[in-house]
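Here are a few notes to read with the structure open beside you. Take the points one at a time and try to find each spot yourself.

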Amino acid sequence: MTSTPSPEDAFRDLFEQNFRELLGYALRRCGSPDDAADVVADTMLVAWRRFGQVPTDGTARLWLYGVARRVLANHRRGIQRRDRLGDRLRVELQDVVPDHADGVEANAVLVGALAGLSADDRELIMLTTWENLEPQEAAVVLDVPARVVRTRLHRARARLRKQLGDAFTDHGHVRDDRALRPVQEKR
């Protein structure tokens, strides 16, 4: 009397008979061995879930190739979606996080000026400038009345301007003709 193998044994046989061919198929079509292994694993997962649909007439390998082809197409679409999302995020990050090389000197001057302020002034300026909080919002963070924040902010900005001096004033190229002409004495 011949016994039929259990579904687990039949699937194990299907896997062992087709794994190498499926892996070769996936390796020739994927960018990395890890991706190829994922394609084979997903293909075999589909085969396990649909084990009743796997042909028993000797064409199981061809059926598995068809499944692997669809899994590979899904995998490629996933990579394209991930790449598009990465591109969008890079563009947004450029807007949010500018290139630090552009403002190294200005940043050093600003950090130095901020360091010359009291901790309270520095925190207030940073909340309203770098965190883009309105004075009312900063008042909530600092747990003080909004009118107090407005007054402190006005004074803190004045102290910061004093610390900065003329570091950020751009006079451009100004020709001072008086400095170029020699002084002539009256005779």
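Leaving aside its neighbours within four places in sequence, which residues is Thr43 in contact with? Keep in mind as you look that this is a predicted model.

1. Let's settle that one straight away. Thr43 is found in helix H2, and beyond its sequence neighbours within four places it is in contact with Leu22, Leu64, Val67, Ala68 and Val71. Thr43 has a relative accessible area of 1%, so it is buried, the cut-off being under 20%.

2. Now for the aromatic rings. A search of the whole structure turns up four aromatic pairs. One of them is Phe11 with Trp48, an edge-to-face pair with 5.1 Å from centre to centre and 70° between the planes. Phe11 sits in helix H1 (residues 7–27) and Trp48 in helix H2 (residues 33–49), so this pair ties together parts that are 37 residues apart in sequence.

3. Stay with those two rings for a moment. Phe11 counts as buried, because its relative accessibility is 15% and the cut-off is under 20%. Trp48, with a relative accessible area of 39%, is partly exposed. Phe51 joins in as well: Phe11, Trp48 and Phe51 form one aromatic cluster.

4. Next, try a ruler check on helix H7. H7 has 19 residues (146–164), which should span 27 Å at 1.5 Å a residue, and the C-alpha atoms at its ends are 26 Å apart, so the two figures agree. Right after H7 comes Gly165, with a positive phi near 60°.

5. Which residues of H7 are buried? They are Val149, Leu153, Ala156, Leu160 and Leu164. These buried residues cover an arc of only 75° around the axis, which means they are on the same side of H7. Arg147, His154, Arg161 and Lys162, on the other side of H7, are exposed.

6. What do the buried residues of H7 pack against? Look for three helices: H4 (104–115), H5 (119–129) and H6 (135–142).

7. Finally, zoom in on H6 and H7. Their axes come within 8 Å and cross at roughly 105°. Angles of 65 to 115 degrees count as roughly perpendicular, so that is how H6 and H7 lie to each other. On the H6 side, the contact is made by Pro135, Gln136, Ala138, Ala139 and Leu142. On the H7 side, Ala146, Val149, Arg150 and Leu153 make the contact.

Notes: Residues are numbered from 1 along each chain as its sequence is written. This is a predicted model: local features need pLDDT of at least 70, side-chain atom pairs count only at pLDDT 80 or more; totals for chains, interfaces and linings use all residues. Side-chain values use heavy atoms; hydrogens and water are left out. Helices (H or I, at least four residues) and strands (E, at least two) are DSSP runs, numbered from the N terminus. The expected span of a helix is 1.5 Å times one less than its number of residues. Buried means under 20% relative accessible area, exposed over 50%, partly exposed in between (1.4 Å probe, protein chains only). The arc is that of the directions from the helix axis to the C-beta atoms. Contact means heavy atoms within 4.5 Å. Rings of Phe, Tyr and Trp (its six-membered ring) pair if their centres lie within 6.5 Å; planes under 30 degrees apart count as stacked, over 60 as edge-to-face and the rest as tilted. Axes are lines fitted to C-alpha atoms, for helices over the stretch in contact, and angles run from 0 to 180 degrees between N-to-C directions. Angles under 35 degrees count as roughly parallel, over 145 as roughly antiparallel, 65 to 115 as roughly perpendicular and the rest as oblique.
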